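Open the model in your viewer and keep the selection tool at hand. This tour goes stop by stop.

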Amino acid sequence: MTYVFPIWQQPAVPVAGAEARFPVRRIFCVGRNYAAHAREMGSDPDREPPFFFTKPADTIVADGSAVPYPPATSNFHHEIELVVAIGRGGANIDAGSALDHVFGYAAGIDLTRRDLQNAAKAVGQPWDMSKGFDHSAPIGTIKPVASFGHPGRAGIRLSVNGVERQKGNLADLIWSVPETIATLSQLVTLAAGDLIYTGTPEGVGPLTRGDRVTGEIEGVGTVAISIV
Ligand code: MN
């Protein structure tokens, strides 16, 4: 096979304890999956089931990178999230066996142009340009289940310039990881290489140039970026 121009570089994420990297296929994200965050966004978490949106695979940002402040926004937000890395695909996956499809977990940041998102919400337009813009999906090293297991009641937090902004616990996810995989796999056939950003706890807020952003999930790992 030849191509009319050089084929793109497949985005891939480092894996703890391994030389081989995790090749990214698609990026799915869960909206409003922590009750307190749903409330701070003006929604009632009891009235609406969580839902999904996507980012292109090439929005992946390596841990430790400098992220350029994006165009077309003056309200650029951080959202720390547990990321599930799918190692085995499938459709209509049973929640009871969903964890068998997980390769590993990482800490990630769902970067968001909040002003564009709010404008889109107000008129019922899609979120693509508020969520799926360039450099919008930082992710830390993936810890494989085979070596590190599944996270339980783990703290999740994010700091900006050393000041804590977000703090939550994975136990507070409205939809658990197995339920999220089961539901998403009823909508699309999941494949090895898919990532699922599982939603953010409360405390989202704006970033500015020069900010140093650090996220951590206990037992899963860290993710760090700077805004330039
Ligand atoms: Mn999010």
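Each stop below says what to select and what is there.

**Start with confidence**

Colour the chain by pLDDT. This is a predicted model. The protein averages a pLDDT of 96, and 99% of the residues score at least 70. Now look at the two ends of the range. Confidence is lowest in helix α1 (residues 35-40), with a mean of 87. Strand β11 has the highest, at 99.

**Stop 1: the manganese ion**

Select the manganese ion. Which residues coordinate the manganese ion? They are E79 (OE), E81 (OE) and D110 (OD), at 2.0 to 2.2 Å. Along the chain, these donors follow the spacing E-x1-E-x28-D. E81 lies in strand β8 (residues 80-86), while D110 sits in the loop between β9 (102-109) and β10 (112-113), so this pair ties together parts that are 29 residues apart in sequence. Add a surface: E81 and D110 are both buried.

**Stop 2: R114**

Stay with E79 and select R114, since R114 touches E79. R114 is in helix α2 (residues 114-123). Is R114 buried or exposed? Its relative accessibility is 3%, so R114 counts as buried. Show the side chains here. R114 makes a polar contact with the side chain of H77, at 2.9 Å. Another polar contact, of 2.8 Å, joins the side chains of R114 and Q117. Leaving out residues up to four places away in sequence, R114 touches M41, N75, H77, E79, K131 and V204.

**Stop 3: T198**

Next, select T198. T198 is in the loop between β15 and β16 (205-206). T198 has a relative accessible area of 2% and is buried. Find the backbone oxygen of L82: it lies 2.7 Å from a polar atom of the T198 side chain. Beyond neighbours within four places in sequence, T198 is in contact with V30, N33, E81, L82, V84 and L173. E81 brings you back to the manganese ion, which it coordinates.

**Stop 4: the aromatic rings**

Show the aromatic side chains. How many aromatic pairs does a search of the whole structure find? There are five.

Begin with F22 and F103. Their ring centres are 5.7 Å apart and their planes are at 35°, so the pair is tilted. F22 is in strand β2 (residues 22-23) and F103 in strand β9, 81 residues apart, so the pair links distant parts of the chain. F22, at 5% relative accessibility, counts as buried. F103, at 32%, counts as partly exposed.

Move to F76 and F133. Here the centres are 6.1 Å apart and the planes are at 65°, so the pair is edge-to-face. This pair also links distant parts of the chain, 57 residues apart. F76 is in strand β7 (residues 76-78). F133 is in the loop between α3 (128-131) and β11 (137-139). F76 and F133 are both buried. Now add K55, which lies over the face of F133, at 6.0 Å from the ring centre.

Then select F51, F53 and W127. Ring pairs link these three into a cluster.

**Stop 5: F28 and helix α5**

Keep F53 on screen and select F28, which touches F53. F28 is in strand β3. It is buried, with a relative accessible area of 6%. Setting aside residues up to four places away in sequence, F28 touches F53, T54, L184, V188, L190, D194, L195, I196 and Y197. For scale, draw a line to Y69: the C-alpha atoms of F28 and Y69 are 23 Å apart, and the two are 41 residues apart in sequence.

Follow L184 into helix α5 (residues 177-187). The buried residues of this helix are V177, P178, T180, I181, A182, L184 and S185. What covers them includes β3 (27-31), β4 (51-55), β8, β9 and β15 (195-197).

**Last stop: I60**

Select I60, in strand β5 (residues 60-62). I60 is buried, with a relative accessible area of 17%. Which residues does I60 touch, not counting those up to four places away in sequence? They are P11, V13, V24, I27, A137, I139, L195 and Y197. Finish with H135. The C-alpha atoms of I60 and H135 are separated by 6.1 Å, though the residues are 75 apart along the chain.

Technical notes. Residues are numbered from 1 along each chain as its sequence is written. This is a predicted model: local features need pLDDT of at least 70, side-chain atom pairs count only at pLDDT 80 or more; totals for chains, interfaces and linings use all residues. Side-chain values use heavy atoms; hydrogens and water are left out. Donors are N, O and S atoms within 2.8 Å of the metal (3.2 Å for Na, K and Ca); water is not among the atoms, so sites may look incomplete. Helices (H or I, at least four residues) and strands (E, at least two) are DSSP runs, numbered from the N terminus. Buried means under 20% relative accessible area, exposed over 50%, partly exposed in between (1.4 Å probe, protein chains only). Rings of Phe, Tyr and Trp (its six-membered ring) pair if their centres lie within 6.5 Å; planes under 30 degrees apart count as stacked, over 60 as edge-to-face and the rest as tilted. A charge sits over a ring if NZ of Lys or CZ of Arg is within 6 Å of the ring centre and within 35 degrees of the ring normal. Contact means heavy atoms within 4.5 Å. A polar contact is a pair of N or O atoms within 3.5 Å; within protein, one must be able to donate a hydrogen and the other to accept it, and residues adjacent in sequence count only if both atoms are side-chain atoms. pLDDT is the predictor's confidence in each residue, from 0 to 100.
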